[in-house]
Amino acid sequence: MSATATVVPHWIAGAADESAARWGEVTDSATGEVSARVPLASAADVDRAVRAAAEAARGWAATSLSRRTAVMFAFRQLVHEHRDELARIVTREHGKVLSDAAGEVQRGLEVVDFACGIAHLLKGEMTPQVSGGIDSYSLRQPLGVMAGITPFNFPVMVPMWMFPIAIAAGNAFVLKPSEQDPSASLLLARLFAQAGLPEGVLTVVNGDREAVNALLSHPQIAGVSFVGSTPIARHVYETASAHGKRVQALGGAKNHAVVLPDADLDLAADGLVSAAYGSAGQRCMAVSVAVAVGDVGDRLVEAVRTRLEDLTTGPGTDPASQMGPLVSSAHRARVAELVDSGEAEGAQVLVDGRGLTVDGHDGGHWLGPTLLDRVRPGMRVYDEEIFGPVLVVVRAESYPEALQLVNANPYGNGAAIFTRDGGAARQFEQDVVAGMVGVNVPIPVPMAYHSFGGWKHSLFGDLHVHGPDGVRFNTRGKVVTRRWPNPADRGIDLGFPVLS
Ligand code: NAD
């Protein structure tokens with residue numbers, strides 16, 4: 001363990017808390033050194049945290065919208081002031097390069113911007129005089145305590161997809177961040193407290209499956225937002241639903257980019273390289289499969305291959321690095337093993353990152369950009385999510401064959417098409433079975449005021465995160481039908497109410 005290893009505590013009832021039945025270790029991905037220890041909450045720790053949150057939720061729901069909005073604006077300002085610090089934490093624990101980490105903080109802030117407008121978003125509808133002297137109107141009310149369980153790959157942005165909207169809407173929120181890079185969540189909780197958020201409204205419990213399972217069955221948790229891999233998303237959806245909670249569980253991905261023969265080849269190759277290798281491929285919206293249609297295949301593969309010769313992989317803190325390490329040695333070993341399997345199953349390894357070393361960083365979790373051609377369904381590199389800097393290329397004879405391939409894949413997070421043909425692009429928008437679609441845009445991540453979510457095995461539940469769906473998920477609707485007594489209307493009528 002490095003001499004500077006610290007403890008990343010929980011944040012419960014507005015204070016740091018180091019209770020732990022067990023401990024985990026957080027590593028610096030570029031050196032492999034342990035940089036911090038993290039307490040792993042027991043079910044009893046989770047219960048204590050949720051009870052404090054439930055207590056806080058009542059007061060927060062009753063707090064005026066103007067007060068809640070003022071706290072949100074103050075939080076926004078503090079995150080702006082600490083954006084570099086947040087990015088540095090992300091780079092150290094996750095490994096992504098600093099500019100990429102800064103981008104993730106920005107995307108998280110955009111959800112806070114959206115949540116600052118909550119007063120407008122919570123407005124109900126009013127219909128006067130639905131019947132004689134009777135008005136109807138709708139309300140959106142908070143649910144109580146919402147929980148969020150987040151993955152390692154966006155330690156700032158994904159929690160911020162969730163808690164700003166949940167809290168702005170009047171809920172308390174319990175966050176269980178990834179135990180692999182938990183420090184950013186702690187800083188966000190401290191900043192929110194500094195902004196004036198009452199204690200207990202935002203809680204952070206660190207932990208692993210024990211903490212998650214305690215949240216999924218806790219009677220005082222009303223709803224669960226999850227982002228992570230598909231098997232765990234399915235488990236979270238099934239378990240939390242069985243305990244009567246509303247759930248949105250976003251899972252893994254295998255995002256395809258279809259490149260038609262008429263595409264702008266340089267634009268397509270630049271887009272594929274940026275989207276496949278940014279963040280070392282550890283993005284749920286990374287393009288991991290290129291589908292080359294017709295005679296574009298050899299030209300496309302060559303254009304991607306030559307671009308990879310110029311990519312620099314190194315520590316995320318070095319401004320010269322374009323790609324950092326993978327998050328852990330175990331994850332690096334899994335990605336390398338998948339590339340081995342692709343080679344053994346007949347894929348052509350055109351660029352091989354398995355042997356990469358970085359001077360002075362022997363312990364880092366390095367794997368350089370890797371390009372596999374002639375990949376087919378049935379190979380593990382096609383069938384499984386790799387979540388590393390590996391782009392696989394599948395050849396298709398025609399647009400219908402390419403579409404069939406994309407739609408037959410069990411994942412449906414994002415899909416993109418590269419073409420100059422507006423008609424073909426429009427057809428793809430209509431036909432593709434995926435939640436987010438890019439046209440000459442490789443990573444079609446919606447802005448905060450739209451909602452983010454995939455289809456098929458990339459999302460269990462119905463509502464997507466942030467944007468309008470985020471407001472719906474974090475509130476429940478109520479319709480009031482109201483009459484003020486008018487002495488002229490008195491009298492008993494046992495008939496079913498109809499027009500009057
Ligand atoms: P993961 O599923 O291993 O972990 C996610 C969360 O679940 C973590 O907080 C972890 O502590 C918890 N967890 C892990 N195992 C568990 C278990 N057995 N029981 C209960 N909880 C458990 O995911 P990860 O490796 O941290 O993140 C990468 C995955 O997340 C990839 O599959 C990626 O595609 C996916 N992801 C999806 C989206 C999306 O929007 N669809 C966004 C980001 C990441």
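# Close-up views of the predicted model

**View A. The hairpin of strand 6 and strand 7.** T127 has S136 of strand 7 as its bridge partner. This view, like those that follow, shows a predicted model. Strand 6 covers residues 126–131 and strand 7 covers residues 134–142; the two pair in the antiparallel sense, over three bridges. Two residues lie between the strands of this hairpin, in which G133 adopts a positive phi near 75°.

**View B. The pairing of strand 7 with strand 23.** Strand 7 is also joined to strand 23, which spans residues 475–483. Nine bridges link these two strands, and they run antiparallel. At I134, the bridge partner in strand 23 is R483.

**View C. The open sheet of strands 1, 5 and 4.** Three strands make up this open sheet, in the order 1-5-4 and with mixed pairing. Strand 1 (6–7) and strand 4 (22–27) occupy the edges and have a single partner strand each, so one side of each lacks a neighbour in the sheet. Strand 4 pairs with strand 5 (residues 34–40) in the antiparallel sense, and six bridges connect them. Among the bridged residues, G24 has V38 of strand 5 as its partner.

**View D. The open sheet of seven strands.** The strand order is 15-16-17-14-13-19-20, and the pairing is mixed. Strand 15 (348–351) and strand 20 (436–439) form the edges, each pairing on one side only. From one strand to the next, the twist averages 20°. Helix 15 (residues 422–431) packs on this sheet, where it touches strand 13 (255–259), strand 19 (414–418) and strand 20. The direction of helix 15 makes about 175° with that of strand 20.

**View E. Strand 16 and strand 17 within the sheet of seven strands.** Strand 16 comprises residues 370–373 and strand 17 comprises residues 390–396. Their pairing is in the parallel sense and extends over three bridges. T370 finds its bridge partner in strand 17 at V390.

**View F. The contact between domain 1 and domain 2.** The protein is divided into domain 1, made of 6–251 + 458–479, and domain 2, made of 255–439. Taken over C-alpha atoms, the centres of domain 1 and domain 2 are separated by 31 Å. Domain 1 contributes 19 residues to the contact, and domain 2 contributes 26 residues. On the side of domain 1 that touches domain 2, five residues are nonpolar, 11 are polar and three are charged.

**View G. The shell around the ligand.** The ligand is surrounded by 29 residues, of which P151, G228, S229, G252 and C284 are the closest. Domain 1 and domain 2 each provide at least three residues of this shell. Helix 8 (209–217) and helix 9 (230–242) supply at least two residues each, and helix 8, with three residues, accounts for the largest share. By residue class, the shell divides into 12 nonpolar, 12 polar and five charged residues.

**View H. The annotated span of residues 24–479.** An unreviewed UniProt entry places the feature "domain: Aldehyde dehydrogenase" at residues 24–479. The end C-alpha atoms of this span lie 47 Å apart. Helix makes up 41% of the span and strand makes up 21%.

Notes
Residues numbered from 1 in each chain as written. Predicted model: local features only at pLDDT ≥ 70, side-chain atom pairs only at ≥ 80, totals over all residues. Near = placed C-beta within 6 Å. Helix = DSSP H or I, 4+ residues; strand = E, 2+ residues; numbered from the N terminus. Nonpolar A, V, L, I, M, F, W, Y, C, P; charged D, E, K, R; others polar. Domains from an automatic or database assignment. Pairing = 2+ DSSP bridges. Axes fitted to C-alpha atoms, helices over the stretch in contact; angles between N-to-C directions. Contact = placed C-beta atoms within 7 Å. UniProt positions renumbered as here; feature names shortened; annotations may be inferred.
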